[in-house]
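Subject: Structure handover, with notes on charged pairs and a surface patch

Dear colleague,

I am handing over the structure below, together with some notes on what was found in it. Please read the notes with the structure open beside them.

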Amino acid sequence: MADPAITWTSRGAARRSTRTLRVRVCAAVVAVIVLAVLLVPPLAQLDQQAVDLTAKLLPPSWEHPFGTDDVGRDLLLRCVYGLRVSLLVGLVAALVATVIGTAVGAAAGALGGWTDRLVMRAVDTLSSIPHLLLGIFIVAMFRPGVWPVVVSVALTHWLSTARIVRAEVLSLRGRPYVDAAVSGGASRLRIAVRHLVPGVLPQAGLAAVLMVPHAMWHESALSFLGLGLPSHQASLGNLVQTARGSLLAGDWWPTLFPGLLLIVPTLAIAGLAGAWRDRLNPRRRSELTL
């Protein structure tokens with residue numbers, strides 16, 4: 001009969017090896033995406049808006065790895081430009097939403113009492129409204145463009161961060177070093193700035209990383225509905241929207257590749273965020289190795 005300790009150790013080593021491989025693959029995918037977004041447009045020296053009706057709807061080939069669209073534009077170049085815009089929207093919106101959510105959650109958790117109850121009831125009320133509907137309402141007040149979409153996504157995605165930060169602040173308030181600071185006469189502002197906010201930054205950073213793909217999908221949904229970026233500007237949502245007619249005609253590549261460039265970064269970022277979460281929670285990591 002096999003020794004249970006040896007069996008658990010071997011299983012734990014296998015799981016750690018698999019998790020390490022998964023993290024490395026996710027990191028490599030993210031690195032390739034970032035390099036493509038940064039290097040392909042300046043190195044290609046091609047106009048992504050150049051129309052060539054003689055080359056419309058060409059299937060993938062060596063000359064056009066992703067094929068061409070319905071007006072002969074190279075899909076690889078347009079997908080890279082679209083991913084560039086979607087990543088910009090996702091990163092900026094996630095940063096703004098994280099700052100807002102961290103400030104609101106930290107204030108609610110640090111002040112407590114009626115302030116905490118009032119702020120969290122407001123958060124619950126806003127959370128009851130579907131993000132997409134609220135985003136449509138916000139973006140409809142502006143002309144189509146990048147920054148209205150950023151504002152829309154940021155103002156609809158800070159609520160979850162506020163909840164996470166508030167819960168972490170409430171947990172930190174019971175720590176001995178916070179009690180010592182209170183006993184030493186430190187003000188609430190000093191305690192929040194010196195002890196509470198630095199303690200919640202890892203959780204807030206994790207929430208920001210997870211928010212990036214969510215914001216990318218939100219921007220793509222708004223652009224797909226015609227409420228996000230202008231139709232002539234490449235974004236993953238616009239590319240999928242303009243490819244609907246081609247898909248009905250049996251041309252699959254104008255829809256497949258923009259969709260993959262939404263799914264693959266989402267899975268890669270989620271994999272890296274999962275590794276980060278395991279590092280922040282050693283107890284969960286130890287349970288996974290059994």
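In what follows, a residue is called buried when its relative accessible area is under 20% and exposed when it is over 50%, and partly exposed describes what falls in between. Please keep in mind throughout that this is a predicted model.

I start with the pair between helices. Arg-166 has a relative accessibility of 23%, and it therefore counts as partly exposed, whereas its salt-bridge partner Asp-116, at 9%, counts as buried. The closest N and O atoms of Asp-116 and Arg-166 are 2.6 Å apart. Because Asp-116 belongs to helix 3 (residues 113–127) and Arg-166 to helix 6 (residues 159–172), this salt bridge ties together parts of the chain that are 50 residues apart in sequence.

Helix 3 also holds a salt bridge within itself, since both Asp-124 and Arg-121 lie in that helix, 3 residues apart, or about one turn. Salt bridges that share partners also join Asp-69, Arg-73 and Arg-78 into one network. Returning to the pair in helix 3, the closest N and O atoms of Asp-124 and Arg-121 are 2.9 Å apart. Asp-124 is partly exposed, with a relative accessible area of 31%, and Arg-121 is likewise partly exposed, at 47% relative accessibility.

Within the network, are Asp-69 and Arg-78 buried or exposed? Asp-69 has 7% relative accessibility and so counts as buried, and Arg-78, at 3%, counts as buried as well. The salt bridge between Asp-69 and Arg-78 has its closest N and O atoms 3.9 Å apart, which may deserve your attention because the cut-off applied to such pairs is 4 Å. By this rule, the count for the model comes to 5 salt bridges.

The last item concerns nonpolar side chains. Val-34, Leu-35, Leu-38, Leu-39 and Leu-43 make up a nonpolar patch on the surface, and together they have about 480 Å² of accessible area. One of these residues, Leu-35, lies in helix 1, which covers residues 4–44, and Leu-35 is partly exposed, with a relative accessible area of 49%.

With best regards

How values were computed:
Residues are numbered from 1 along each chain as its sequence is written. This is a predicted model: local features need pLDDT of at least 70, side-chain atom pairs count only at pLDDT 80 or more; totals for chains, interfaces and linings use all residues. Side-chain values use heavy atoms; hydrogens and water are left out. Buried means under 20% relative accessible area, exposed over 50%, partly exposed in between (1.4 Å probe, protein chains only). Helices (H or I, at least four residues) and strands (E, at least two) are DSSP runs, numbered from the N terminus. Patches are made of residues with over 30% relative accessible area and no salt bridge: like charges are joined within 9 Å, nonpolar side chains (Val, Leu, Ile, Met, Phe, Trp, Tyr) within 5 Å. Accessible areas come from the Shrake-Rupley method with a 1.4 Å probe; for residues, only the protein chains shown count as cover.
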